[in-house]
Amino acid sequence: MSSFSMHGVGVSSGIAIGHAHLISHALLEVVHFTIEASAVAQEIARFQRAIHLVKLDLEQLKAQLPANAPAELAAFIGTHLAMLCDKSLSEAPIAIIEAERCNAEWALKQQMDDIVAQFDAIEDVYLRERKQDVMQVVERVIKVLLGRHQHTAEKKQHAKQERAMILVAHDISPADAIQFKHHQFAAFITDVGGVTSHTAILARSLNIPSIVALQRARGLISDGELMIVDGAQGVVIVNPGPEVLSEYQLKQNQWQLAQQKLQRIKATKALTVDGVAIELLANIEVPEDVLSAKAAGAAGVGLYRTEFLFMNRRDMPDEEEQFEAYRYVAEAMKGMPVTIRTLDIGADKQLNPDEVVTATNPALGLRAVRYCLSEPQVFHTQFRALLRASHYGRVNILIPMLSNLNELRQTKLLLQRAKEALRKEGVPFDEGIRLGGMIEVPAAAISADAFSQALDFLSIGTNDLIQYTLAIDRADDAVAHLYNPLHPAVLKLIQLTIQAAHKHGKPVSVCGEMAGDTRLTRLLIGMGMRQLSMHPAHILSVKSHILQSEAAVLAKQAKKILALSDLDKIEPLINRWNGQAMS
Ligand code: PEP
Ligand code: MG
């Protein structure tokens, strides 16, 4: 086995040593080959075993459903089980294997294409859509055939081994990535993706080393190969020799020690040397993330991305389901602020993964607040759930992707209606609930003065602000090298926003990835930022930088940087600044 290394863009630091676990969209990968006549019986047995395993898995899933699980979920699993037992899936492929002497995956795929074509001919829209169920069941079986399946019971047994498994994929949608929160992989690497793509953000939230934009990792790495992932350097070493391995084992220990050392400042207030308090908040994607937020000593939740509650399903979560999720977070944070963002769907975050995106420029399309205003019932339901949850904690509502005041007026009207409806029903909510807006479109930053007056607080979404200001798709690795938070135009928009908020006495925070990047901590504080919201994993390292800084000095240095209009001059200055501070 030859050793080789690959370079990509590191999106989450740390060192992992483990074995490759290749994942993919199984259906896309089915290959066709013929088999010897003598191997037919064995191939049929392989197929039958796969069907049997998937059946067991589904039965187990059904039996383990919690009592409060939505009825649709049990029905959904039931439908899949019924399809699996149907002769068209469990027997017809056997005939194909025999007749064509082909591999089981291919036989099953052929049969699936046939069934899907029959569904396509059905006029009834509901029935026609059932073809998705067929495809999902077939995908489960194919994954088993390809050896990428783990039985639910095996998953538990192997949880320990998973720790040392490195997930290798060509690309992963945010909807898929959110599912990895329930696994314990040691690292995460992909061929494509930008630093602030939602997939990268999720990888970072798992607090494991992650690298994107490796170009050909999925093709060059084989399942089970030993690898080293250095997230900070963006380097992957496959089949390392013993010397390299022990060098990285040492580095890994040092990194873990440094992380442990950081725990000492968990309860320390985030104050600069000259006594300026900085509020360090957590970004969360699912309600259970409050545990890591609290473990990192977060002062609250600065951004709860609710869209993940709406993903990987075909129905919308109803008011009750949303209320339960929001209330859980509000209660868990025990009086600390919890800023919940309304549905930010669109672009790379699709509601239903089966849906085909037809918009030419989805990032410029019906996203976030635009989508919600076009579906007022969806907005109304979410507002009702948020308002009800506000009775159980300190909830703030945050609106994503505002670009003009008219959107804000319509949003306020809908929020008002939801409040009136609850008042009429006698349902309690926090009458003083605060409404904030994300500044993530250049138009909003330029109009920050007006938005500051019309809102209770602002939160700068630097991930999108950079994307839209520099015209660089945040998920496209081909232009990832141009995606730079230090671009003077980006810094000027951030500065405009901070100044406008301060002028009107409104709180302003950064909740994009810039907030958790220690290279930028001094600059942001120097620019006047006093609230930073980031993944819990970054809170302590950002705090350690704050504890060593003097706000008055930072303000002077930030002024110098903001006076520059050339990125090539800004970057060395930032590096020198950080270097001096650390020495
Ligand atoms: C942002 O754009 O900076 C942001 C925080 O929102 P998201 O990353 O979810 O688009
Ligand atoms: Mg955004």
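Which residue has a polar backbone atom 2.8 Å from an oxygen atom of ligand 1? In this predicted model, that residue is Asn463. Two side chains join in as well: a polar side-chain atom of Arg474 sits 2.8 Å from an oxygen atom of the ligand, and an N or O atom in the side chain of Asp464 is 3.0 Å from an oxygen atom of ligand 1. On its own, ligand 1 has 290 Å² of accessible area, and the protein covers 100% of that.

Zooming out a little, 17 residues surround ligand 1, and those that come nearest are Arg305, Arg341, Gly461, Asn463 and Arg474. Charged residues number eight in this shell, next to five polar and four nonpolar ones. Helix 21 (462-470) supplies at least two shell residues, as do helix 11 (198-205) and strand 10 (301-305). The largest share, three residues, belongs to helix 21.

As for empty space in the protein, the structure holds two cavities of 30 Å³ or more. The largest cavity is the very space that ligand 1 takes up, with a volume of about 60 Å³. Its lining counts 14 residues, and Arg305, Arg341, Met438, Glu440 and Asn463 lie nearest the centre. Seven of the lining residues are charged, four polar and three nonpolar. Strand 10 and helix 21 turn up here too, each giving at least two residues to the lining.

The second largest cavity holds about 40 Å³. Its lining includes Asn283, Cys511, Gly512, Glu513, His535 and His538. By class, this lining has six polar residues, two nonpolar and one charged.

Key. Residues are numbered from 1 along each chain as its sequence is written. Chains are lettered from A and ligands numbered from 1 in the order in which they are written. This is a predicted model: local features need pLDDT of at least 70, side-chain atom pairs count only at pLDDT 80 or more; totals for chains, interfaces and linings use all residues. Side-chain values use heavy atoms; hydrogens and water are left out. A residue is near a molecule or strand if one of its heavy atoms lies within 4 Å of it. A polar contact is a pair of N or O atoms within 3.5 Å; within protein, one must be able to donate a hydrogen and the other to accept it, and residues adjacent in sequence count only if both atoms are side-chain atoms. Accessible areas come from the Shrake-Rupley method with a 1.4 Å probe; for residues, only the protein chains shown count as cover. On a 1 Å grid over the protein atoms alone, a cavity is a set of points where a 1.4 Å probe fits but cannot get out, and a pocket is an open set with protein on both sides within 12 Å along at least five of seven lines; lining residues have an atom within 4 Å of a point. A molecule sits in a cavity or pocket if more than half of its atoms lie within 2 Å of its grid points. Helices (H or I, at least four residues) and strands (E, at least two) are DSSP runs, numbered from the N terminus. Ala, Val, Leu, Ile, Met, Phe, Trp, Tyr, Cys and Pro count as nonpolar, Asp, Glu, Lys and Arg as charged, and the others, Gly among them, as polar. Grid points are joined across faces, edges and corners, and a volume is the space filled by probe spheres set on the points.
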